[in-house]
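User: I'm new to this structure and would like to learn how to read a few of its features. Could you walk me through them?

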Amino acid sequence: MNTRSPSHPATDRDWQRVAHARHHDPFVVLGLHPEGTHWRMTVYRPRATAIWLQQGSTRIPLERVGDSDFFTLTGARSEWGVHPQLVERRDGGQQPHEEQPYIDPYTFLPQLDESWLQQFHAGECFTAYDVLGARAHVADGIEGVLFAVWAPNAERVSVVGDFNDWDGRVNPMRVRGTSGVWELFIPKLAPGQYYKFELRQRDTGQILLKADPYGRFFEMRPNTASLIRGTEDFAWQDDLWLARRRSADWLHQPMSVYEVHLGSWRRSPDNEYLNYRDIAHQLVPYVKELGFTHVELLPVTEHPFDGSWGYQVTGYFAPTSRFGSVDDFKYFVDFCHRHGVGVILDWVPAHFPRDDHALARFDGTPLYEHAD
């Protein structure tokens with residue numbers, strides 16, 4: 001492991017690869033590394049004019065390495081703490097001297113379980129949606145967001161969003177061995193922010209900006225970023241329905257299914273889409289009066305083109321934002337169940353669009369599709 005601090009990063013290959021956003025493991029350079037009897041803290045913050053280590057009311061400046069965007073500090077780790085508190089200053093932003101406190105993500109150990117990675121790599125994992133994507137996470141007692149994405153043919157993957165000015169140099173991820181899975185825990189990052197993954201293709205150097213394949217919610221089209229979701233706290237009230245469903249003799253009880261496309265079944269007076277909640281209040285009485293036992297929704301998974309009726313999926317794990325939030329969709333399902341109406345969802349695994357932000361050639365290769 002290289003922990004040297006050269007006079008300029010360009011004289012060291014690892015430092016240069018971090019600066020050029022080409023490193024598969026930026027933790028080799030960034031974070032905390034032993035140097036003799038002391039420790040060296042190294043951060044890479046493009047556009048920062050100054051960085052300090054905050055210790056109580058005392059600030060200790062980090063030294064800029066040459067004219068680069070690397071900053072370092074050498075000292076006793078026992079005085080810094082496990083995850084030092086830093087303050088970054090930028091000049092020329094919205095405020096004359098904009099300062100932002102943060103905890104360096106590169107002081108944390110890997111977070112994904114090694115046995116899970118082996119299972120995933122072996123093709124024996126059927127719950128990848130519980131691990132990949134963006135998840136609220138606690139590491140060493142610090143709350144934040146753990147990002148994970150599968151991109152085995154990428155040279156470098158970064159998390160980008162408003163929190164880092166969509167700059168792929170700021171939060172590069174580490175790849176976990178030969179699994180092809182990249183991860184990064186960003187401490188103190190709050191839910192409710194939009195993000196994407198920026199990938200650099202290993203063979204061509206092509207830069208790709210992709211929505212999260214495991215994202216749970218997306219921006220309203222035509223925007224395409226994924227949303228960091230918080231903890232799930234929706235208060236379901238359909239216990240009675242679920243109990244009845246478990247005991248139902250589904251081989252012999254009749255079913256009558258009403259197929260419906262939520263975007264065209266009914267609109268507002270000004271021809272706008274209705275919210276999931278409004279649709280529930282209008283659709284459930286309608287189908288019950290007609291004697292239907294279930295509604296079958298044409299795909300409500302996220303998709304970019306209204307005219308596709310949901311059959312060109314870009315977010316398999318996200319209800320479309322056209323009709324409201326995730327909780328609004330949960331309310332729709334809960335309302336149907338509480339009034340004795342089952343919900344069936346169309347699922348479209350056979351194809352997806354070639355949109356630049358979507359699954360097609362996700363890491364520059366046909367990762368989720370066949371090569372032809």
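Analyst: Let's begin with cavities: a cavity is a set of grid points where a 1.4 Å probe fits but cannot get out. Keep in mind that this is a predicted model. A search of the whole structure turns up three cavities of 30 Å³ or more.

User: What is the volume of the largest cavity, and which residues line it?

Analyst: Its volume is about 60 Å³. Among the residues lining the largest cavity are His-261, Leu-262, Gly-263, Tyr-273, Leu-298, Pro-299 and Arg-322.

User: Let's pick Pro-299. Where is Pro-299 placed, and is Pro-299 buried or exposed?

Analyst: You'll find Pro-299 in the loop between β18 and β19 (301-302). For burial, the cut-off to remember is under 20% relative accessible area. Pro-299 has 3% relative accessibility, so it counts as buried.

User: Which residues is Pro-299 in contact with, leaving aside its neighbours within four places in sequence?

Analyst: With those neighbours set aside, Pro-299 is in contact with Trp-309, Gly-310, Tyr-311, Asp-346 and Val-348. You can also compare positions along the chain with positions in space: Pro-299 and Leu-262 are 37 residues apart along the chain, and their C-alpha atoms are separated by 9.1 Å.

User: Now the sheet. What is the order of the strands in the open sheet of three strands?

Analyst: The order is β17-β18-β21, and the pairing is parallel. β17 (257-260) and β21 (342-345) stand at the edges with a single partner strand each, so one side of each has no neighbour in the sheet. From one strand to the next, the twist averages 25°.

User: How many bridges join β18 and β21?

Analyst: Four bridges, in the parallel sense, pair β18 (residues 294-297) with β21. To locate the pairing by eye, look for His-294, which stands opposite Gly-342 in β21. Helix α7 (residues 326-338) lies across β18 and β21, and runs at about 135° to β21.

User: One last residue: where does Arg-176 lie, and is Arg-176 buried or exposed?

Analyst: Arg-176 lies in the loop between β12 (174-175) and β13 (181-187). The same kind of reading applies: Arg-176 counts as buried because its relative accessibility is 13%.

User: What does the side chain of Arg-176 reach?

Analyst: One polar atom of the Arg-176 side chain lies 2.9 Å from the backbone oxygen of Leu-112. The side chains of Arg-176 and Glu-114 are joined by a polar contact of 3.1 Å. Leaving aside neighbours within four places in sequence, the residues in contact with Arg-176 also include Pro-110, Gln-111, Leu-117, Val-181 and Glu-183.

Conventions. Residues numbered from 1 in each chain as written. Predicted model: local features only at pLDDT ≥ 70, side-chain atom pairs only at ≥ 80, totals over all residues. Heavy atoms only, no water. Helix = DSSP H or I, 4+ residues; strand = E, 2+ residues; numbered from the N terminus. Buried < 20%, exposed > 50% of the residue type's maximum accessible area, 1.4 Å probe, protein only. Polar contact = N/O pair within 3.5 Å; in protein donor to acceptor, adjacent residues only side chain to side chain. Contact = heavy atoms within 4.5 Å. Pairing = 2+ DSSP bridges. Axes fitted to C-alpha atoms, helices over the stretch in contact; angles between N-to-C directions. 1 Å grid on protein atoms, 1.4 Å probe; cavity = no way out; pocket = protein on both sides within 12 Å on 5 of 7 lines; lining within 4 Å. Points joined across faces, edges and corners; volume = space filled by probe spheres on them.
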